[in-house]
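Me: I'd like to learn how to read a structure like this one step by step. Could you walk me through it?

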Amino acid sequence: NYRLLSLAKFPDPTNVSSATIFLASLALGAAGAFADLIVPTPALTLPKKIYGIGVPPFHVDDNVIVPVLSGLACEQIFKVCRWPLDLKLATHLVIR
């Protein structure tokens with residue numbers, strides 16, 4: 001998270017400190033971890049029949065919930081940091 005945010009194209013880079021980027025990346029990591037904790041394992045599934053009527057196979061797992069909740073948390077973190085919600089992040093994450 002820190003590397004991706006530090007490479008982002010901020011409209012006014014003078015208003016963004018490394019401490020703010022660190023705290024935002026820490027909050028994003030914590031939000032993702034908590035989102036992963038609230039998803040039950042194994043995934044929630046519907047029974048094959050409800051009151052004798054067949055239902056389609058449907059399940060809720062961490063591939064659905066975690067990105068949604070992490071995205072909502074990201075939006076709120078960006079608002080607190082007063083960063084634009086359409087912030088252009090790094091195109092590629094380069095590890096050196």
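Reply: Happy to! Let's begin with burial: a residue is called buried when its relative accessible area is under 20%, exposed when it is over 50%, and partly exposed in between. Please keep in mind that this is a predicted model. Of the 96 residues in the protein chain, 21% count as buried.

Me: And how much surface does the protein chain expose?

Reply: About 7,300 Å² is exposed, and carbon and sulfur atoms supply 66% of that area.

Me: Which order do the helices and strands follow along the sequence?

Reply: The protein chain has 3 helices and 4 strands. Their order along the sequence is α-α-β-β-β-β-α. To see how sequence-distant parts meet, look at contacts with a separation of 6 or more: residues 24 or more positions apart account for 58% of them.

Me: Which residues make up the largest nonpolar core?

Reply: A nonpolar core joins buried residues of certain types through side-chain atoms within 4.5 Å. Here the largest one has 11 residues: L5, A8, F10, V16, I21, A24, L28, I77, F78, W83 and L87. Helices α2 and α3 each supply at least two residues of this core, and α2 gives the most, with 3 residues.

Me: Can we zoom in on one core member? What does I77 touch, beyond its neighbours within four places in sequence?

Reply: With those neighbours set aside, I77 is in contact with A24, A27 and L28. Two of these partners, A24 and L28, are listed in the core along with I77 itself. For a backbone view of the surroundings, take E75, which is found in helix α3. The C-alpha atoms of E75 and L28 are separated by 9.9 Å, although the two residues are 47 residues apart along the chain. E75 has a relative accessible area of 30%, so it is partly exposed.

Me: Now a polar residue, please. Is S25 buried or exposed?

Reply: S25 has a relative accessibility of 9%, so it counts as buried. This serine is found in helix α2, which spans residues 18–38. For a polar side chain, a useful next step is to look for a polar partner. The side chain of S25 reaches the backbone oxygen of F22 at 2.8 Å. Not counting residues up to four places away in sequence, S25 also touches N1, Y2 and L5, and L5 is one of the core residues.

Me: Which residues form the nonpolar patch on the surface?

Reply: The patch consists of F34, L37, I38, V68, L69 and L72, which together have about 620 Å² of accessible area. Helices α2 and α3 each supply at least two of its residues, just as each supplies at least two to the core. Take V68 as an example: it lies in helix α3. V68 counts as partly exposed because its relative accessible area is 49%.

Me: Last topic: backbone angles. Which value does phi of Y51 take?

Reply: Phi of Y51 is near 55°, a positive value in a residue other than glycine. Y51 lies in the loop between β2 (49–50) and β3 (53–54). At 83% relative accessibility, Y51 counts as exposed.

Me: And where is R82 found?

Reply: R82 is found in the segment after α3, the helix of residues 62–81. Its phi is positive too, about 60°, although R82 is not a glycine. R82 has a relative accessibility of 77%, so it counts as exposed.

Definitions and conventions. Residues numbered from 1 in each chain as written. Predicted model: local features only at pLDDT ≥ 70, side-chain atom pairs only at ≥ 80, totals over all residues. Heavy atoms only, no water. Buried < 20%, exposed > 50% of the residue type's maximum accessible area, 1.4 Å probe, protein only. Contact = heavy atoms within 4.5 Å. Areas by Shrake-Rupley, 256 points an atom, 1.4 Å probe, with all protein chains shown as cover. Polar contact = N/O pair within 3.5 Å; in protein donor to acceptor, adjacent residues only side chain to side chain. Patch = residues over 30% accessible without salt bridge, like charges linked within 9 Å, V, L, I, M, F, W, Y side chains within 5 Å. Salt bridge = Lys/Arg side-chain N within 4 Å of Asp/Glu carboxyl O.
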